[in-house]
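Thanks for making the time this morning. I would like to take you through one model, and I will begin with a question about a single side chain before moving out to the whole chain.

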Amino acid sequence: MVKNSFISVIFQEKKEENCGSVEFQVFRFTNKIRRLTSHLELHRKDYLSQRGLRKILEKRQRLLVYLSKKNRVRYKELISQLNIRESKKR
């Protein structure tokens with residue numbers, strides 16, 4: 001997981017900017033994904049949380065595809081900051 005200090009720095013940077021930006025939405029989805037992943041490590045049979053995790057992953061993936069098409073530089077910077085692997089499909 002990303003260290004809390006790093007998360008708070010990114011969050012404060014994004015708070016001053018537009019909260020509806022693609023980067024901010026991806027950041028929020030990434031935090032939810034990490035939280036749900038740690039929850040599912042403890043509760044393996046929580047199928048509703050698994051479904052929610054898949055939905056959030058799909059939303060984040062759609063946003064990342066959109067950002068990669070619109071601005072490749074911002075996309076590369078975002079995935080390096082959040083430590084996300086680059087998707088294979090586009």
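Is K55 buried, partly exposed or exposed? Please keep in mind, as you look, that what you see is a predicted model. The residue sits in helix α3, and K55 has a relative accessible area of 43%, so it counts as partly exposed, since that class lies between the 20% limit for buried and the 50% limit for exposed.

K55 also belongs to a positive surface patch, which it forms together with R28, K32, R35, R51, R54, K59 and R62. Two elements, α2 (22-42) and α3 (47-70), each give two or more residues to that patch, and α3 supplies the largest share of it, with five residues.

Now let me turn to N83, which lies in the segment after α4 (72-82). Its backbone deserves a look, because N83 is exposed at 65% relative accessibility, and N83 has a positive phi of about 60 degrees although it is not a glycine.

Stepping back to the whole protein chain, the secondary structure comes to four helices and zero strands, in the order α-α-α-α from the N terminus on. Of the 90 residues in the chain, 34% are buried, and the accessible surface comes to about 6800 Å², with 51% of that area belonging to carbon and sulfur atoms. Finally, if we take the contacts between residues at least 6 apart in sequence, 50% of them join residues at least 24 apart.

Terms used
Residues are numbered from 1 along each chain as its sequence is written. This is a predicted model: local features need pLDDT of at least 70, side-chain atom pairs count only at pLDDT 80 or more; totals for chains, interfaces and linings use all residues. Side-chain values use heavy atoms; hydrogens and water are left out. Buried means under 20% relative accessible area, exposed over 50%, partly exposed in between (1.4 Å probe, protein chains only). Patches are made of residues with over 30% relative accessible area and no salt bridge: like charges are joined within 9 Å, nonpolar side chains (Val, Leu, Ile, Met, Phe, Trp, Tyr) within 5 Å. Accessible areas come from the Shrake-Rupley method with a 1.4 Å probe; for residues, only the protein chains shown count as cover. A salt bridge is a side-chain nitrogen of Lys or Arg within 4 Å of a carboxyl oxygen of Asp or Glu. Lys and Arg count as positive and Asp and Glu as negative; His and the chain ends are not counted. The place of a charge is taken as NZ of Lys, CZ of Arg, CG of Asp or CD of Glu. Contact means heavy atoms within 4.5 Å.
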